[in-house]
Amino acid sequence: YLYLRSIGLYGSSDPGERVDVTISKGSSVNEIGQALEDAGVIESAFGFRVATFIGEGSEKIQAGTYQIPSGLNARDALTFLVENPPEGPAVFEVTFREGAWLVDMAAVLERDVGISSEQFLDAATSGEVGSTYRPKGIDTLEGLLFPSTYEISEKDTARDVVEMLAGQFEQETNGIDLARRAGSVNLDPYEAIIVASMIEAETFLDDERPKVARVIYNRLNEGMMLGIDATVLYALGEHKQTLSSSDLDVDSPYNTRKVRGLPPTPIGAPSVASLEAALDPVEGDWLYYVLADCDGNHAFSTNYDDFLVDKAAYQELEC
């Protein structure tokens with residue numbers, strides 16, 4: 001009894017200030033309990049799980065945002081959720097991560113809101129949703145949907161979501177004057193976005209982004225292959241930790257180990273930091289970079305011999 005009391009299954013509730021708790025569509029009992037615990041509604045997610053096991057009604061909990069008192073025991077929290085469904089359409093906070101591909105965004109949307117991933121991809125690749133930056137002949141909005149956290153209603157359609165993300169991208173890029181500044185690096189705006197998407201895929205460290213940009217521009221100026229493995233992954237359509245020899249030989253316009261110049265479209269959703277780096281690369285004559293430690297830092301070099309030394313040093317690490 002004392003243990004069950006300690007996890008909030010027994011004992012009196014002491015209702016306090018109401019807090020917002022959002023339950024996503026398809027949430028498990030464990031996920032609901034954790035959300036309640038994180039918000040201070042109950043003592044323990046495990047206690048909520050036990051309450052649903054010995055009680056009834058958990059299958060009646062609807063997705064949406066609840067205003068629920070803090071300080072409840074697990075049984076009272078369960079009763080509250082069952083008896084006080086959210087009013088109006090459910091609204092969910094959905095996060096699309098930086099660097100995500102369209103297919104990744106589609107999967108997140110279907111998982112968190114229940115909007116069909118197929119419908120999202122159709123809306124994002126049909127050419128029907130406009131974008132200032134998409135050139136003629138390109139239908140996909142890959143790289144032109146801004147990665148961030150959005151409030152999305154279950155009433156929204158896939159096209160509504162695509163338009164929301166495309167509109168936010170326009171707003172963010174207007175804020176950094178992308179259309180004008182792209183000329184300073186001898187690119188058109190869409191090309192600058194392509195570069196930014198590669199930067200996003202190559203490093204998550206803000207101080208490295210301008211260096212990666214400089215390597216890309218130096219290689220373009222030298223007529224070298226860009227050789228960016230992230231473009232190979234995009235060509236394969238897989239998120240893999242390592243690439244085989246056959247992977248690196250994939251026949252695709254996105255394989256920058258075989259095809260000179262930029263890939264035909266962005267390879268993911270760039271952050272503002274990567275867009276800024278593409279527009280304002282640091283000065284330097286680096287042509288190579290490779291992971292230098294287990295924390296994601298890179299070693300930059302100006303010649304191939306130094307690159308091989310850096311690569312060998314990393315390979316000796318046990319990450």
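The protein, examined here as a predicted model, contains 14 helices and 6 strands, and its C-alpha atoms fill a box of roughly 75 × 50 × 35 Å along the principal axes. Of the 319 residues, 45% are buried, and about 16,200 Å² of surface is exposed, with carbon and sulfur atoms supplying 45% of that area. Among contacts between residues at least 6 apart in sequence, 64% join residues that are at least 24 apart. The protein carries 23 positive and 54 negative charges, and the mean positions of these two groups lie 2 Å apart.

Strand 3, which spans residues 91-95, shows an alternation of its side chains: Phe-92 and Val-94 point to one face and are buried, whereas Val-91, Glu-93 and Thr-95 point to the other face and are not buried. Such alternation between the two faces of the sheet is what a regular strand shows. Strand 3 runs antiparallel to strand 4 (residues 149-153), to which it is joined by 5 bridges, and in this pairing Glu-93 stands opposite Glu-151 of strand 4.

The structure holds 1 disulfide, formed by Cys-294 and Cys-319, whose sulfur atoms are 1.9 Å apart; with -80° about the S-S bond, this link is left-handed. Because Cys-294 lies in the loop between strand 5 (288-291) and strand 6 (298-301), while Cys-319 belongs to the segment after helix 14 (304-315), the pair ties together parts that are 25 residues apart in sequence. As for accessibility, Cys-294 counts as partly exposed because its relative accessibility is 47%, and Cys-319, at 60% relative accessibility, counts as exposed.

Notes. Residues numbered from 1 in each chain as written. Predicted model: local features only at pLDDT ≥ 70, side-chain atom pairs only at ≥ 80, totals over all residues. Heavy atoms only, no water. Helix = DSSP H or I, 4+ residues; strand = E, 2+ residues; numbered from the N terminus. Buried < 20%, exposed > 50% of the residue type's maximum accessible area, 1.4 Å probe, protein only. Contact = heavy atoms within 4.5 Å. Areas by Shrake-Rupley, 256 points an atom, 1.4 Å probe, with all protein chains shown as cover. Lys, Arg positive; Asp, Glu negative; His and termini not counted. Charge placed at Lys NZ, Arg CZ, Asp CG, Glu CD. Pairing = 2+ DSSP bridges. Disulfide = S-S within 2.5 Å.
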